[in-house]
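Morning, everyone. I'll take you through one model today. Have a look at the slide before I start.

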Amino acid sequence: MKLYDSLGPNPRMVRMFLLEKGLELETVEFDLLGGENRREPFTNRNPGGQLPALELDDGTVIAETTVMCDYIEEFNPEPARIGADAAQRAQTRMWTRRIEQRITEPAYNGFRFAEGLGLFEGRMRCLPEAADGLKAISQDGLTWLEKQMDGNEWICGDRFTVADMVLYCCVDFVGAVGQSLPEELSLLHAWRERVAARPSASSSLHPQSAAAGMPG
């Protein structure tokens, strides 16, 4: 397999997942800032134009970060970062979906339509007038999640999963571009510190991120 990699929080999440699994894949780097992923020949392989993506040995390309993690865990089940059985996997996917819908997608689009507008306006339909509202939706989602964290070490209780990685890579990114984690959300701040203490958190940072002026 090959990992199509780049800057950004979504590629970082997959790198973090691989580190948690103790796996290393051949990596092909793409120029996200230059828009290499939004034009041919990349879009011939992945018409959605997203990074990261996973090329299988037969040439099939799988995109969508959590789908990639599902595929990787199916063939590398230990340590389980999605789930060791059907019930655990369902719980992880449920919480991942909630986080994506309530927090990460509104936060990312809030960035794309505001601070990131110069980068994204030529690549997708941008709605600058929606940026503030999307950021508010994301903050509402974080406030909701704070209540669910009472008594939990991780998002899925005592299991560190891909749900934690999806949220961590998001809050670490958007926190540096105008969407800080609210101070009053003490349980989420403590959770974030626990994730940051894992070796995979620091080791998943892209080596060019600081030079490119992008977090993650």
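Let's begin inside the protein. Which residues line the largest cavity? Going along the chain, the lining takes in Ile103, Ser138, Gln139 and Leu142, then Cys170, Val171 and Val174, and finally Gln179, Ser180 and Leu181. Keep in mind that this is a predicted model.

Two helices stand out in that list. α6, residues 131-148, and α7, residues 162-174, each give at least two residues to the cavity lining. By class, six of the lining residues are nonpolar and four are polar. None is charged. The space in this cavity comes to about 40 Å³. How many cavities of 30 Å³ or more does the structure hold? One.

Now the largest pocket. Its space is about 760 Å³. The lining runs to 33 residues. Nearest the pocket centre lie Asn10, Leu51, Glu105, Tyr108 and Arg112. If you want to find the pocket on the screen, start from those five.

Which helix gives the largest share of the pocket lining? That is α4, with nine residues. α4 spans 86-112. At least two lining residues each also come from α1, α3 and α7. So α7 turns up twice: please note it for the pocket and for the cavity, as DSSP runs define it. The classes in the pocket are 15 nonpolar, 11 polar and seven charged. Charged residues appear in the pocket lining, whereas the cavity lining has none.

On to the sheet. As a reminder, strands of a sheet pair through backbone hydrogen bonds, either parallel or antiparallel. Here four strands make an open sheet with mixed pairing, in the order β2-β1-β3-β4. β2 and β4, residues 61-62, are the edge strands, each pairing on one side only. Helix α3, residues 65-75, packs on this sheet and touches β1, β3 and β4. The direction of α3 makes about 40° with that of β3.

Look at β1, residues 2-5. β1 runs parallel to β2, residues 26-29, and four bridges join the two. Tyr4 sits opposite Val28 of β2. β1 also pairs with β3, residues 53-55, through three bridges, and that pair is antiparallel.

Leu3 shows both pairings. What is the bridge partner of Leu3 in β2? Thr27. In β3, the partner of Leu3 is Leu54.

How do we get from β1 to β2? Helix α1, residues 9-21, joins them in a β-α-β unit, and that unit is right-handed.

Last, some backbone details. Most residues other than glycine have a negative phi, and most peptide bonds are trans. Three places here are worth a look.

First, the peptide bond from Glu40 to Pro41 is cis, with omega near 10°. Pro41 lies in the loop between β2 and α2, residues 42-45.

Next, Leu51 and Pro52 are joined by a cis peptide bond, with omega about 5°. Pro52 is in the loop between α2 and β3. Leu51 is also one of the residues nearest the centre of the largest pocket.

Then Glu64. Glu64 is not a glycine, yet its phi is positive, about 70°. Where does Glu64 sit? In the loop between β4 and α3.

That's my tour. Over to you for questions.

Methods: Residues numbered from 1 in each chain as written. Predicted model: local features only at pLDDT ≥ 70, side-chain atom pairs only at ≥ 80, totals over all residues. Heavy atoms only, no water. 1 Å grid on protein atoms, 1.4 Å probe; cavity = no way out; pocket = protein on both sides within 12 Å on 5 of 7 lines; lining within 4 Å. Points joined across faces, edges and corners; volume = space filled by probe spheres on them. Nonpolar A, V, L, I, M, F, W, Y, C, P; charged D, E, K, R; others polar. Pairing = 2+ DSSP bridges. Right-handed = clockwise from strand over helix to strand, strands pointing away. Contact = heavy atoms within 4.5 Å. Axes fitted to C-alpha atoms, helices over the stretch in contact; angles between N-to-C directions.
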